[in-house]
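Dear colleague,

Please find below the structure that I am handing over to you. My notes on what was found in it follow directly after.

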Amino acid sequence: MDNTPLVIVDKLKKYFPISKGLLFQKQTGFVKAVDGVSFVIFHGETLGLVGESGCGKTTVGRTILGLYPITEGRVVIENFDVAKAKGVELHQLRQKAQMIFQDPYASLNPRWTVSAIISEPIRVHHLVQSETEKTERVKELMQLVGLSPRLINRFPHEFSGGQRQRIGIARALASQPDFIVCDEPISALDVSIQAQVVNLLEDLQDRFQLTYLFIAHDLSMVRHICDRVAVMYLGAIVESADKDELYEHPLHPYTNALLSAVPIPDPKKDRNRQRIILTGDVPSPINPPSGCRFHTRCPIAKPHCKEITPEFREVGSNHWVACHEIA
Amino acid sequence: MLTESTSNLLIDDLEAPPLTLKKLAWKRFTRHKMAMVGGLFLILLILYSFGGSLFVEEKYANLTNPPIRLSPPSLQHPFGTDTVGRDVLARTIYGGQISMIIGILAVIIETSLGILIGAVAGYYGGKIDSLLMRFTEAMLNIPEIFLLIVMAKFFGNKIPNLTLLGRTFSGSVVVIVVIIGLTSWMYLARIVRAEFLSIKENDFILAAKATGTSNGEIIIRHILPNSIAPIIVSATLGVANAILAEAYISFLGLGVQPPTATWGNMLDGANNYIESAPWLWFFPGLLILLTVLSINFLGDGLRDAIDPHSRAI
């Protein structure tokens with residue numbers, strides 16, 4: 001890991017328009033899925049992005065790769081401005097930044113063999129000269145992710161969930177990327193398989209100096225794999241810090257509530273700790289609360305939280321938080 | 001280096017490779033009795049039409065011989081002779097070829113148009129989709145038979161005869177093929193659009209986009225193979241429909257023009273001799289019936305066999 005940023009995300013916004021009417025559609029509003037998110041990811045680092053379902057984690061991952069058009073803000077990956085990249089430049093960016101998907105069943109074309117799936121990026125980016133070289137490369141990638149190269153001509157439905165996820169990882173690696181968005185790569189897998197896949201991702205990172213954006217909702221897994229963690233709530237990042245700092249000294253009340261929900265594998269400790277249970281539901285991202293987005297559920301909210309949007313500021317070394325009540 | 005936990009994994013030894021999708025489909029197809037019977041009959045009918053020309057020369061199909069007009073089936077003329085003394089057996093053989101070729105060519109046009117319009121509408125969505133689908137609906141709202149008759153009447157005699165492989169065909173064959181193709185693609189376009197709409201939402205399409213695969217390649221290599229089942233079924237049934245469509249416009253005298261025979265235009269005029277010379281309509285009618293039925297049974301079997309949701313083996 002060094003200190004040059006590989007990915008810079010600056011005030012990223014992604015709004016999805018909502019339209020009404022069958023024949024004459026008109027826009028009636030927006031789902032503000034991502035509303036002003038900023039972060040950087042350094043070379044060789046893993047940034048964890050956590051938050052509950054529907055807070056916009058996946059949208060962040062897909063938008064920074066340019067899979068959704070960016071509504072506002074700037075994303076730079078390795079000197080490529082994602083919003084402006086077109087044609088050849090976009091093609092180069094696609095090679096350098098890849099994605100691993102959550103659902104290992106939906107993310108592989110059921111009509112393609114493993115060989116065709118893994119070689120797609122190689123073919124699209126013309127990374128090899130001949131067919132035999134391509135086959136060699138696919139076999140090499142399969143070995144790398146722990147699949148037997150003998151299975152090269154099998155179809156996805158002949159594999160288990162964990163094996164399919166390995167195929168997805170091999171595909172992401174095939175174009176020799178520097179940056180990979182891991183969109184909940186383990187949440188669809190059994191716990192025993194989760195550990196294997198996480199270890200594989202770590203090994204690959206060491207080997208190829210990969211940089212990850214690791215999107216997850218399993219906080220203990222995030223602590224294991226990530227270097228820094230950012231916590232999202234309703235389309236915005238509320239706190240980010242190095243992982244130990246965040247887990248030992250959480251500042252934002254939402255982070256506190258999230259961490260208090262992590263199961264502790266020790267009944268004695270578990271009995272003594274305090275669970276912070278938030279009241280109410282996540283507000284709708286179509287019409288998010290004014291001021292601090294969390295004020296509707298915050299245990300320490302003051303009247304001014306309703307009016308003034310808290311600034312995302314640095315309060316300790318590399319510890320950022322968006323809350324009025326934190327000194 | 002890989003850690004032990006990952007390197008030791010998954011060296012599985014599945015000895016017998018599981019059935020591929022194709023093998024599964026074939027297995028299901030062979031269990032479908034009616035489809036097998038349909039397939040068998042279809043092969044026999046193709047052998048009859050195309051193999052028959054090895055035994056009966058084409059000139060017999062067009063040789064008029066007024067003195068023996070309307071003679072009933074005999075050893076000399078097993079299917080009898082028609083109103084100008086042509087041999088009905090020879091005409092059903094050569095007419096069958098034309099009917100089947102019309103069916104297949106029309107379906108090629110129909111399927112290409114249907115896939116093109118459906119795929120573009122379903123994949124790109126938005127305004128392009130609205131535009132193409134409104135056009136499709138407009139086409140659907142015009143009664144097909146009416147369109148066929150108008151177009152056949154309009155273009156009918158404007159194309160000169162063509163010679164292919166040493167045989168002369170009436171130019172109207174081309175006209176019929178084109179107009180049947182142009183008036184029947186709408187249902188397929190809607191099916192293809194619906195398939196594309198659902199398949200394009202899969203993560204593997206997003207993965208292909210993230211890889212940098214072009215839209216054209218995504219359409220052709222990713223989505224189309226996944227929607228091939230309903231297309232094959234529709235194309236199969238389309239052949240039967242095209243043969244029928246040819247038969248009824250030919251029966252109205254607007255289809256393929258003499259001297260080229262088709263099963264359809266052999267029926268033209270036979271209605272005057274329903275009782276006095278039943279062999280005129282019985283043989284071509286029976287052949288149309290058998291062909292259309294066989295293709296429909298075959299299509300049914302194919303639908304069950306290649307439907308990916310069908311779990312039965």
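**Findings**

B:Arg28 is a buried residue, with a relative accessible area of 13%. This arginine belongs to helix α2 of chain B, which covers residues 21–31. A polar atom of the B:Arg28 side chain lies 2.8 Å from the backbone oxygen of B:Ala305. Please bear in mind throughout that the model is predicted.

**Chain B as a whole**

Chain B contains 14 helices and 2 strands. Of its 313 residues, 46% are buried. Among the contacts in chain B with a separation of 6 or more, 72% are accounted for by residues 24 or more positions apart. The exposed area of chain B is about 16000 Å², and 68% of that area is supplied by carbon and sulfur atoms.

**A pair of helices in chain B**

Two helices of chain B deserve a description of their own. Helix α7 spans residues 144–155 and helix α12 spans residues 228–251. They pack with their axes 11 Å apart, at an angle of about 55 degrees. An angle from 35 up to 65 degrees is neither roughly parallel nor roughly perpendicular, and α7(B) and α12(B) are therefore oblique to each other. Their crossing is right-handed. Where the two helices meet, α7(B) contributes B:Ile145, B:Leu148 and B:Ile149, while α12(B) contributes B:Ala245, B:Tyr248 and B:Ile249.

**A glutamine in chain A**

Turning to chain A, where does A:Gln205 lie? The residue is in helix α6, which runs over residues 191–208. Is A:Gln205 buried or exposed? Its relative accessible area is 10%, and because buried means under 20%, A:Gln205 is buried. The side chain of A:Gln205 makes a polar contact of 2.8 Å with the side chain of A:Thr46. Leaving aside residues up to four places away in sequence, A:Gln205 touches A:Gly44, A:Glu45 and A:Thr46, together with A:Leu210, A:Thr211 and A:Tyr212.

**Positive phi values in chain A**

Two residues of chain A may be of interest for their backbone.

- A:Glu184 has a phi near 45 degrees, a positive value in a residue other than glycine. A:Glu184 is placed in the loop between β7 (179–183) and α6 of chain A. With a relative accessibility of 7%, A:Glu184 counts as buried.
- A:Leu234 is not a glycine, yet its phi is positive, at about 50 degrees. The loop that holds A:Leu234 lies between β9 (228–233) and β10 (236–242) of chain A. A:Leu234 is buried, and its relative accessible area is 3%.

**An isoleucine in strand β1 of chain A**

A:Ile8 has its place in strand β1 of chain A, which comprises residues 5–20. At 31% relative accessibility, A:Ile8 counts as partly exposed, because that class falls between the limits of 20% and 50%. Which residues does A:Ile8 touch, not counting residues up to four places away in sequence? They are A:Phe39 and A:Val40, along with A:Arg74, A:Val75 and A:Val76. In addition, the C-alpha atoms of A:Ile8 and A:Phe80 are separated by 10 Å, although these residues are 72 residues apart along the chain.

With kind regards

Definitions and conventions:
Residues numbered from 1 in each chain as written. Chains lettered and ligands numbered in written order. Predicted model: local features only at pLDDT ≥ 70, side-chain atom pairs only at ≥ 80, totals over all residues. Heavy atoms only, no water. Helix = DSSP H or I, 4+ residues; strand = E, 2+ residues; numbered from the N terminus. Buried < 20%, exposed > 50% of the residue type's maximum accessible area, 1.4 Å probe, protein only. Contact = heavy atoms within 4.5 Å. Areas by Shrake-Rupley, 256 points an atom, 1.4 Å probe, with all protein chains shown as cover. Polar contact = N/O pair within 3.5 Å; in protein donor to acceptor, adjacent residues only side chain to side chain. Axes fitted to C-alpha atoms, helices over the stretch in contact; angles between N-to-C directions. Parallel < 35°, antiparallel > 145°, perpendicular 65-115°, else oblique. Left-handed = near helix turned anticlockwise from the far one by under 90°.
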